[in-house]
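Got your viewer open? Let's take a walk through this model, one selection at a time.

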Amino acid sequence: NIFNNEEKIKVFTTRPDTIFGASFIALSADHPLSKNFLSNNEFKKFKSECDKTGTTEEALANAQKIGFNTKLFAQHPFIKNKKIPIFFANFVLMDYGTGAIFGCPAHDQRDFDFAKKYNLEILKVVSDKKNEIQLEEAFTGNGNLINSDFLNGLDVKNAKKKIIEKIEKQKIGKKKTLFRLKDWGISRQRYWGCPIPMIYLEDGRVVPVDKSELPIELPEDINLNSNGNPLDNHPTWKFTKQKSTGNKATRETDTLDTFVDSSWYFLRFCSPKHSKSAFDESKTNYWMPVDQYIGGVEHAILHLLYSRFFTKGIKT
């Protein structure tokens, strides 16, 4: 609840156990509450700066943290009469959760950087028994709860369970699973990528090519300086015939996103010389699943999630 205001803010968090360390609420610049500030020149300037920030995990992590103080306060749900300042912040996205988070600076580095910049409270509520007097950076490790009333002494896992039960009992929130994955643009109008083995017939039907024609190979005499999709502009490659009937057909000129390749090729690596099928099941059973994956954040989010789609498809 917002003090002296009828509006309420719904926040989403992956760390409900740290609620007693909350020292601010951060909203996306596109949050519905922003309608109250659209005539404010300082907010307009702030929002313009937000629009310049990328939306990838890497961009948000590396961007300088900036905020706009609404001068509004929220009531802490478990600490009587504690007022939490409400900011708009450039590291909160409207399409993630509810477009609003509570900031716990002691246990989230973005929140920590933001709190340092705007001189906000930093209260440690998870202890690894080292009992640092002053944190130099956010503590994101495991430990037991401190400074947290009825959660004190619990480990993180059990503290999450207990606070969720408490929140649901008081009917002020609920447990929910959210995914940040956006719709996957599986095809694209580029030369680089796997050709999609589909053809368009003159009667309007779209059908797969004959298996004997696989794999479809890209032409090498391609003009990459042409406008639009280079494959669509190729003079001959896209014109073909349906093998079973001899009828004229046009190839699909979109290519698959390269993540499609990296979503299954690790399975082939287990038996690269196997010729009877795509994978030698005994070898994949031996080598899979991968024990450790080393890659950038985009790979960790996309590559690994897409690979689940492929393995589930192969399994069924």
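Is phenylalanine 269 buried or exposed? It counts as exposed, because its relative accessibility is 58%; buried means under 20% relative accessible area, exposed over 50%, and partly exposed in between (1.4 Å probe, protein chains only).

Before we go on: this is a predicted model, where local features need pLDDT of at least 70 and side-chain atom pairs count only at pLDDT 80 or more, while totals for chains, interfaces and linings use all residues. Residues are numbered from 1 along each chain as its sequence is written, and side-chain values use heavy atoms, with hydrogens and water left out.

**Stop 1: a surface patch**

Stay with phenylalanine 269, which sits in helix H6 (residues 265-269). Helices (H or I, at least four residues) and strands (E, at least two) are DSSP runs, numbered from the N terminus. Now add Trp264 and Tyr265 to your selection: with Phe269 they form a nonpolar patch on the surface, with about 320 Å² of accessible area together. Patches are made of residues with over 30% relative accessible area and no salt bridge; like charges are joined within 9 Å, nonpolar side chains (Val, Leu, Ile, Met, Phe, Trp, Tyr) within 5 Å. The areas come from the Shrake-Rupley method with a 1.4 Å probe, and for residues only the protein chains shown count as cover.

**Stop 2: rings meeting rings**

How many aromatic pairs does a search of the whole structure find? The search gives 21. Rings of Phe, Tyr and Trp (its six-membered ring) pair if their centres lie within 6.5 Å; planes under 30 degrees apart count as stacked, over 60 as edge-to-face and the rest as tilted.

Select phenylalanine 37 and phenylalanine 43: their ring centres are 6.0 Å apart and their planes are at 45°, so this pair is tilted. Both phenylalanine 37 and phenylalanine 43 are buried.

Next, pick phenylalanine 91 and phenylalanine 114. Here the ring centres are 5.5 Å apart and the planes stand at 70°, so the pair is edge-to-face. The pair links distant parts of the chain, 23 residues apart: phenylalanine 91 is in the loop between strand E3 (83-89) and strand E4 (100-103), and phenylalanine 114 is in helix H3 (residues 109-117). Phenylalanine 91 and phenylalanine 114 are both buried. Widen the selection to Phe24, Phe87 and Tyr118, and you have one aromatic cluster together with Phe91 and Phe114.

**Stop 3: lysines over rings**

Jump to lysine 124, which lies over the face of phenylalanine 139, 4.9 Å from the ring centre. Then try lysine 166: it lies over the face of phenylalanine 150, at 4.8 Å from the ring centre. The rule is that NZ of Lys or CZ of Arg is within 6 Å of the ring centre and within 35 degrees of the ring normal.

**Stop 4: backbone oddities**

Most residues other than glycine have a negative phi, and most peptide bonds are trans. Show the backbone at leucine 214 and proline 215: their peptide bond is cis, with omega near -5°. Proline 215 is in the loop between strand E10 (206-208) and strand E11 (239-241). Another cis bond joins methionine 288 and proline 289, with omega about -5°. Look for proline 289 in the loop between helix H7 (281-287) and helix H8 (297-315).

Now click asparagine 119, which is not a glycine but has a positive phi of about 55°. It lies in the loop between H3 and strand E5 (126-127), and it is exposed, with a relative accessible area of 72%.

**Stop 5: salt bridges**

How many salt bridges does a search of the whole structure find? Nine turn up, each being a side-chain nitrogen of Lys or Arg within 4 Å of a carboxyl oxygen of Asp or Glu.

Select glutamate 7 and lysine 35, whose closest N and O atoms are 3.4 Å apart in a salt bridge. Glutamate 7 lies in the segment before strand E1 (24-27) and lysine 35 in the loop between E1 and helix H1 (41-51), so the pair ties together parts that are 28 residues apart in sequence.

Finish with aspartate 232 and lysine 238, which meet in a salt bridge (3.4 Å, N to O). Aspartate 232 is partly exposed at 36% relative accessibility, whereas lysine 238 is buried, with a relative accessible area of 15%.
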